Amino acid sequence: MSDLKINQKDLFYILKEQLGYGALCEFDRYKSLNEDTLDMLVNEALRFAKGVVAPLNAIGEEQGVHLENGKVTCPKEFKAAFHAYGEDGWTAAVRDPEYGGQGFPHMMRIVINDLMYGACQAFNMAPSLTHGAAHLIESFASQSLKKTYVPKMYSGEWAGTMALTEPNAGSNLAALETMAYPEGDHYKIKGSKIFISWGDHDLAGNIVHLLLARIDGAPEGVRGISLFVVPKYRVDENGNAAEFNDVFCTGLEKKLGLHASPTAALAFGGKDGCIGYLCGKENMGLAHMFQMMNSARINTGVSGMTMASAAYQNALDYSKSRVQGRDIAKRKQGSVPIIDHPDVRRMLLWMKAAVDGMRSMIYTAAFWADLSHESPDAAQRERYSALTEFMTPIVKSYCSDTGFRVCETAMQCLGGYGFCKDYPIEQYLRDSKIMSLYEGTNGIQSSDLMGRKMHMNEGAPYKAFMKEISEFCEKHHSHPGLGSQVRFLKDVLADITEMAREMSARYSADPLQWASYTYPALMCFAEAIMVWRLVDMAIIAYDRAQKSGKKNDYFRGKVAQATFFTDITLPHTQVRARTCTRVDREVVELADNAF
């Protein structure tokens, strides 16, 4: 029994009707696949999520993780699920068959994570981190390291992490102090890491840390950071985990949520016995690690969205079954289900739109990422790469923040029961909060968007985005059902364009004032994207309904969520865009002791 609830029809509507994801199978890399194969993968992932992963959510919350005598233990059910996850191919579904992958399109990793994170966020972080770590080795390490580690990580025999953060080097990785000392074909590793998700556990026979450190004598700052493969247990000549590699768990964080995910403090080389192997080039560690970090940022947005989805579906079910109060317009006699109350309906419709819009935003970005890799047209690859760059900080920030808001709203629908452990929403609320902090806080993401992403390659990411959304508005501004919303979006884009122009001028001329408004600026772009994706789905639904000539509540729902969300969101977007260019300087000039 689990609390996972998901509208499978909504997933396939985005994948098939909006994106046409079967078109990916036309590329050479995926020519052995077809849309039916992709559909089958989604259905099988949902089956695995419901049957194997979802029951772990309550088990993990009840039992938690424990550190005793230097050993971390997890619920026994987690170990079996981790191995099944790898053996059934979910960890490496999109990876190269050479190392045990199945060769599916890259975007299917996002769809799989949507289902698995929604089933149990705390658990799915383990195979997701393992996938990211193994892919780093596959991408940058020597053939020997690839052969030794990647197949066992993809199969679920071994696990992986990324080990970046230190006590004095959080978001500022330039300050990291972990050192690597050359010693033959390897390096001696000495240092400490904190906040390492799934940094120690008993799910796998080995844990392979992808660790950032500074080689002795390397330059200071980020230019002197290298990436290393550091296993918990050294590997013998037969490829098996052998002697302990002096990686100790010194503590587990006590957290608001994700109680079944061990967040570890790790000591490397405390007894001078830890070795690691260079992954990629010296002093290029941060550049290499960004592959995993950018993937993790997208997946953080996925996590926020999918927990919001589960919270909404649980609130919807409750609202249909909970009988309380009388109908305000006396349409029904006696007490009625609370879904009849307008304020509850308002919350439900906003959550429905928020979840569907976020899922479309994420799937669209994932689809573009595949196009950026696999399109035979170089110009198209460049275009979609720019779009993916632009979308990454927006997906991470908006979907983590809005996902939390949806969980909060779902709790409000349940009233007092939502605050109680009788229902899963309070856990979704607690588990989702960390997403706005993971992988660089959302304030950092907004600085990345309005700084580097707006200006890299002469503004290519921004220009590609504005071209894409403007062409949509031009194409549909006279649509008979959604034209009003499209024209409203076009008007707001003019305000956003002016805001972006002014923010870009301040980026160099007045960086303090610029940095004071990067987050609301990001939110302007995010809300425009949400309206775009929702209206796009609504146009498809409207046209399908008109063609059939029959009433269809599902299609009507797509249209209603789009018109509602557009009309209650874009007025705020307009005002927010204008506030981003205000000249008053309270934020930067107020004295510290005046706060």
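## Exercises on the pockets and core

The lining of the largest pocket consists of 21 nonpolar, 21 polar and 8 charged residues, where Ala, Val, Leu, Ile, Met, Phe, Trp, Tyr, Cys and Pro count as nonpolar, Asp, Glu, Lys and Arg as charged, and the others, Gly among them, as polar. The model is predicted, so that local features need pLDDT of at least 70 and side-chain atom pairs count only at pLDDT 80 or more, whereas totals for chains, interfaces and linings use all residues. Residues are numbered from 1 along each chain as its sequence is written, and side-chain values use heavy atoms, with hydrogens and water left out.

**Exercise 1.** Describe the largest pocket by volume and centre.

*Solution.* A pocket is an open set of points on a 1 Å grid over the protein atoms alone, where a 1.4 Å probe fits, with protein on both sides within 12 Å along at least five of seven lines; lining residues have an atom within 4 Å of a point. The volume, the space filled by probe spheres set on points joined across faces, edges and corners, is about 1,200 Å³. Of the 50 lining residues, Met 162, Met 293, Tyr 438, Glu 439 and Gly 440 are the closest to the centre.

**Exercise 2.** Find the element that gives the most to each of the two linings.

*Solution.* For the largest pocket, H8 gives the most, with 11 residues. For the second largest pocket, which holds about 870 Å³, H8 again gives the most, with 7 residues.

Notes: Helix = DSSP H or I, 4+ residues; strand = E, 2+ residues; numbered from the N terminus.
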